[in-house]
Protein chains: 2
Amino acid sequence: MKNPGHRVQATKRLLREALTSLLAEKPLRSITVKELCERAQINRGTFYAHYADVYDMLDQIEADMEADFYAALEPVLSSAYDLTPPTATAKVFQCLEMNADLCRATLGPHGDREFATRVIETAKKRCEESCVRFFPNADKLQIETYFTFITGGCIALMERWLKDGMKESSEMLAAAAEQIMEKGLGFLQ
Amino acid sequence: MKNPGHRVQATKRLLREALTSLLAEKPLRSITVKELCERAQINRGTFYAHYADVYDMLDQIEADMEADFYAALEPVLSSAYDLTPPTATAKVFQCLEMNADLCRATLGPHGDREFATRVIETAKKRCEESCVRFFPNADKLQIETYFTFITGGCIALMERWLKDGMKESSEMLAAAAEQIMEKGLGFLQ
DNA sequence: TCAATAAATCAACACGGTGTTCAATCTTTT
DNA sequence: AAAAGATTGAACACCGTGTTGATTTATTGA
């Protein structure tokens, strides 16, 4: 007595592996359902039983990744009451390092930046909340502006990090991000 | 005696207008050559005389935009010898404000982020160069990290700005960006 | 103005991926 | 062993693609 849907889970895994492997070779736009199924050794009809098209499939996979990511991040985010940007950053970067293969597919040259933005938005909101406590006299719009900026900055750092083969440790990267967020130009002195 | 290629320039303009108008409605991936030509009132065969496919067309258009952008930016960038990030930022944001319609197509939800990154890379490099003069004892890698971060941050601010309908002035936005770049968290105090 | 050249049009074509259907087969569950 | 669930295979019409060659229309320069 195995889980119900155990079989579909297996074929979905095959399809997912095929997709990420193809995504390493070329952009999503030139990946066809046909070749995807051929690589996955799955009947094309079976694909359409689960997904509407390749984009729908990636959407669903990303939703799964998102859930996994939140599940991994939630404990560390909720453990610290006074969550400052630096603290969260270190944890987020750590999470990314542990899921490097997934990140490559989404943050890589053929990846989907919207996904990364969506994921990081969670940490952003959490930090904003505790930031309001730390700077009660700061304008709300100002806080939002600040976090928009540093979120974009962090994503850019991650992209470069992945691009360069993740040579530095996540701690190093987080430390640099922390300092820039805190001191701005003072980072260089 | 008109310019040579005056005619092809006209059809290209029609195609470009059709593309940007379609790009406001849906993502590039679901725009077909057929409907593009129908909207532009251009024969499909004519399209293939100029472009290989829709992606190739966007590439060429973006290359044009890039050239226009540089042409507009170059004088302000080269005028100031001691180009600090803040100075450049103000100018770049100003440029974007003047080309709002073009920006919408490339920075919008269906746009091409890589293009924005590529464009802004120019200003980034310029600033990096003069930054080396200001902070001679700072590590080169550190400088690169800093600029990667703030470039990403600025793009994020622009995206939000466009998304919210460009209500604030480019000066306001640039001023905020400047302060964050310079003071980091101190921006909120 | 007229001939030469360049560009856009039109129709037709083979090709390939799409998305759907249905009967047949295999697998899991009870 | 029977029932329900999932995958397969083949066939189908459909539509966009990219190319071709002949024709028409516009632009250029003498």
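H8(A) passes H8(B) in a right-handed crossing, where right-handed means that the near helix is turned clockwise from the far one by less than a right angle, and anticlockwise would make it left-handed. The model behind this is predicted, so to speak of local features takes pLDDT of at least 70 and side-chain atom pairs count only at pLDDT 80 or more, while totals for chains, interfaces and linings use all residues. Residues are numbered from 1 along each chain as its sequence is written, chains are lettered from A and ligands numbered from 1 in the order written, and side-chain values use heavy atoms, without hydrogens and water.

**The H8 pair**

Two packed helices are described by the angle between their axes and the distance between the axes. Here H8 covers residues 140–163 in chain A and in chain B, and the two axes come within 7 Å and cross at roughly 130 degrees. Axes are lines fitted to C-alpha atoms over the stretch in contact, with angles running from 0 to 180 degrees between N-to-C directions. H8(A) and H8(B) are therefore oblique to each other; under 35 degrees would be roughly parallel, over 145 roughly antiparallel, 65 to 115 roughly perpendicular, and the rest is oblique.

Who touches whom? Among the residues of H8(A) that meet H8(B) are Leu141(A), Phe149(A), Gly152(A), Gly153(A) and Arg160(A), and from the other side come residues including Leu141(B), Phe149(B), Gly152(B), Gly153(B) and Arg160(B). Contact means heavy atoms within 4.5 Å. The residues of this contact divide into twelve nonpolar, eight polar and four charged. Nonpolar covers Ala, Val, Leu, Ile, Met, Phe, Trp, Tyr, Cys and Pro, charged covers Asp, Glu, Lys and Arg, and the others, Gly among them, are polar.

**Gln41 in each chain**

| Residue | Phi | Loop |
|---|---|---|
| Gln41(A) | near 60 degrees | between H2 (33–40) and H3 (44–50) of chain A |
| Gln41(B) | near 60 degrees | between H2 (33–40) and H3 (44–50) of chain B |

Gln41(A) counts as exposed at 71% relative accessibility, and Gln41(B) is exposed with a relative accessible area of 71%. Exposed is over 50%, buried under 20% and partly exposed in between, using a 1.4 Å probe and protein chains only.

**Chain A overall**

Chain A has nine helices and zero strands, counted as DSSP runs (H or I, at least four residues, for helices; E, at least two, for strands) and numbered from the N terminus. Buried residues make up 45% of its 189 residues. Of the contacts in chain A between residues at least 6 apart in sequence, 61% join residues at least 24 apart.
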